[in-house]
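Biologist: Please show me the model, and then let us go through some of its parts with questions and answers.

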Amino acid sequence: MIIDSHAYVGAPPVRCGFSEVDISPEWLIRLMRESGIDKMVVMPPANWAPGCDYRAGTDAVVAAVNRYPDRFIGFSGVTGYCVKHGIADLKYGIEEKGLKGAGEFKAAPHWSESIVMPIMRFLEKHRAPVLIHVFSVQEARMAEYIGNKLPNLPVIMGHMGGTNVVAGKRCIEAAKKYENIFLETSISPYDVIYEAVREVGARRILFGSDAPFVHPLQELRKIEALPISDQEKKRILSENILEILANII
């Protein structure tokens with residue numbers, strides 16, 4: 001089985017620079033068929049405006065999961081700008097709708113512990129994973145801080161630094177220190193992923209694609225090309241995310 005741990009679903013289309021990307025569940029299923037992927041963890045496309053709530057985005061995730069329960073695993077949207085809205089987002093998505101985690105989480109550029117940590121503690125109470133957008137050293141530091149302070153919270157470093165290799169190395173160092181930090185591979189360079197497997201071990205690496213903004217096939221090929229055992233690839237491609245999700249309270 002292959003599970004993509006980082007994808008988005010919602011109302012198509014989304015204007016993305018010079019192109020239009022369809023983020024409907026049917027479009028994602030098409031990408032899955034083209035890539036040989038069995039399931040996707042889906043979440044609302046990030047809306048990072050201050051004070052926003054994710055009710056509409058979470059509803060789109062719930063609709064996709066209900067329509068295609070064998071294809072999608074749903075994560076609730078959550079704002080990182082407001083404690084009240086953030087916890088309300090999670091009560092709705094996780095407690096009321098039964099979603100399995102939260103993401104893609106992004107805090108304000110100069111993030112506030114007084115805002116972020118109450119939201120993260122709510123997730124820790126449920127042992128529900130949070131996928132945090134990590135494309136910079138600052139975001140890696142925030143995710144590391146959360147992982148250190150909340151050892152029962154599964155913290156997924158989304159993109160594990162992406163194309164920012166310095167941030168990628170910071171993610172690897174954080175995962176080496178804290179067992180509850182996981183590294184997700186979408187958009188990360190092949191050599192950084194390989195270093196993560198060697199330094200951290202395959203048990204805390206998650207395959208993800210950032211679909212539909214990135215075709216999952218190209219991201220999957222990076223994992224398939226790693227000079228590691230088939231069992232290590234199985235862990236990265238499905239077993240690790242299934243173990244995380246199995247522990248939700």
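Biologist: Where does Pro69 lie?

Modeller: This is a predicted model, in which local features need pLDDT of at least 70, side-chain atom pairs count only at pLDDT 80 or more, and totals for chains, interfaces and linings use all residues. Residues are numbered from 1 along each chain as its sequence is written, and side-chain values use heavy atoms, with hydrogens and water left out. Helices (H or I, at least four residues) and strands (E, at least two) are DSSP runs numbered from the N terminus, and Pro69 lies in the loop between α2 (55-67) and β5.

Biologist: Is Pro69 buried or exposed?

Modeller: Buried means under 20% relative accessible area, exposed over 50%, and partly exposed in between, with a 1.4 Å probe and protein chains only. Because its relative accessible area is 52%, Pro69 counts as exposed.

Biologist: What is the order of the strands in the open sheet of 3 strands?

Modeller: Two strands pair if DSSP finds at least two bridges between them. Here 4 bridges join β1 to β4 (residues 39-43), running parallel, and among the partners Ile3 is matched with Lys39 of β4. The pairing in this open sheet is parallel, and the order is β1-β4-β5.

Biologist: Which are the edge strands?

Modeller: An edge strand of this sheet pairs on one side only. That description fits β1 (3-8) and β5 (72-74).

Biologist: Which residue in β7 stands opposite Gly103?

Modeller: Strands β6 (residues 102-105) and β7 (residues 130-133) pair in the parallel sense over 3 bridges. Opposite Gly103, in β7, stands Leu131.
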